Amino acid sequence: MISISVMALVFGVVFLAELPDKTALAGLVLGTRYRASYVFAGVAAAFALHVVLAVAAGSVLTLLPQQIVHALTGVLFLGGAAVLLMKKGEDEEEVRKPENQSFWKVSGAGFMLILIAEFGDLTQIMTANLAARYDDPLSVGLGAVLALWSVAALGIIGGKALMKRVPLELITKIAALLMLGLGIWSLYEAVAG
């Protein structure tokens, strides 16, 4: 059974944390050079793989006693909030240009870029934390993958316009505050439990 509330919470946290990340900028760069649907296919496949790995890692954590899981996820969320608050603006990454516009070359370039750039990234760690926290891998996985796909689509199609209207610093601060709140709540549950 899918929990809409867990899925929505995960979507919001992951979406806000990923929006100011290098992935949105990489998607924007790829989207300006190549057919958007080809880029999205590769990027979406890479994100799906990352979410599966993160949810599997988080599900393993559910085997531990609940107080330890709450304490661990609380500390990791607080660490993630600190990383976001201390984060400086990131430069656009250089993207190797495929020699032609074929589906396989363009989607393959998008897949490899995201696969490498996002491995061990904050949102992947957050997804594992959320999977451990809620012990609902399907809801967490769906929320995370939909958030990552949404950010990728925004980056590929309309990232430039969004970044002009909403300051990146504001988005980063909102994501950090959400993570801070989740961290404090998890630590509270660890102590109170």
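## Isoleucine 125 and the nonpolar surface patch

In this predicted model, isoleucine 125 is partly exposed, with a relative accessible area of 40%, and the residue is found in helix α6, which spans residues 122–134. Because patches are made of residues with over 30% relative accessible area, isoleucine 125, at 40%, meets that requirement for accessibility.

The patch to which Ile125 belongs also includes Leu64, Ile68, Leu72 and Leu76, and together these side chains form a nonpolar area on the surface with about 380 Å² of accessible area. The most is given to this patch by helix α4 (residues 66–86), which contributes three residues.

## The nonpolar core

The largest nonpolar core has 36 residues, and those with the most contacts inside it are Val10, Val14, Val39, Met126, Leu130, Val140 and Met179. Seven helices are named as each supplying at least two residues of this core, namely α1 (4–18), α3 (36–61), α4, α5 (103–117), α6, α7 (137–165) and α8 (168–192). The largest share, eight residues, comes from α7.

Helix α4, which gives the most to the nonpolar patch, is thus also listed among the helices that supply at least two residues of the core.

## A salt bridge between helices α6 and α8

Side chains of opposite charge can pair when their charged atoms come close. The count of salt bridges in this model comes to one, and it is formed by arginine 133 with glutamate 189, whose closest N and O atoms are 2.7 Å apart. The pair links distant parts of the chain, since arginine 133 lies in helix α6 and glutamate 189 in helix α8, 56 residues apart.

The two partners fall into separate accessibility classes: arginine 133 counts as buried because its relative accessibility is 10%, where buried means under 20%, whereas glutamate 189, at 22% relative accessibility, counts as partly exposed.

## Internal cavities

The structure holds two cavities of 30 Å³ or more, and the second largest of them has a volume of about 40 Å³. The lining of this second largest cavity is made up of Phe47, His50, Val51, Glu118, Thr123, Gln124, Thr127 and Leu148, with α3 and α6 each supplying at least two of the lining residues.

Helix α6 therefore recurs across several of the features described here, as the helix that holds isoleucine 125, as a contributor of at least two residues to the core, as the location of arginine 133, and as a supplier of the cavity lining, with helices defined as DSSP runs.

Technical notes:
Residues are numbered from 1 along each chain as its sequence is written. This is a predicted model: local features need pLDDT of at least 70, side-chain atom pairs count only at pLDDT 80 or more; totals for chains, interfaces and linings use all residues. Side-chain values use heavy atoms; hydrogens and water are left out. Patches are made of residues with over 30% relative accessible area and no salt bridge: like charges are joined within 9 Å, nonpolar side chains (Val, Leu, Ile, Met, Phe, Trp, Tyr) within 5 Å. Accessible areas come from the Shrake-Rupley method with a 1.4 Å probe; for residues, only the protein chains shown count as cover. A salt bridge is a side-chain nitrogen of Lys or Arg within 4 Å of a carboxyl oxygen of Asp or Glu. Helices (H or I, at least four residues) and strands (E, at least two) are DSSP runs, numbered from the N terminus. Buried means under 20% relative accessible area, exposed over 50%, partly exposed in between (1.4 Å probe, protein chains only). A nonpolar core is a set of buried Ala, Val, Leu, Ile, Met, Phe, Trp, Tyr and Cys residues joined through side-chain atoms within 4.5 Å. On a 1 Å grid over the protein atoms alone, a cavity is a set of points where a 1.4 Å probe fits but cannot get out, and a pocket is an open set with protein on both sides within 12 Å along at least five of seven lines; lining residues have an atom within 4 Å of a point. Grid points are joined across faces, edges and corners, and a volume is the space filled by probe spheres set on the points.
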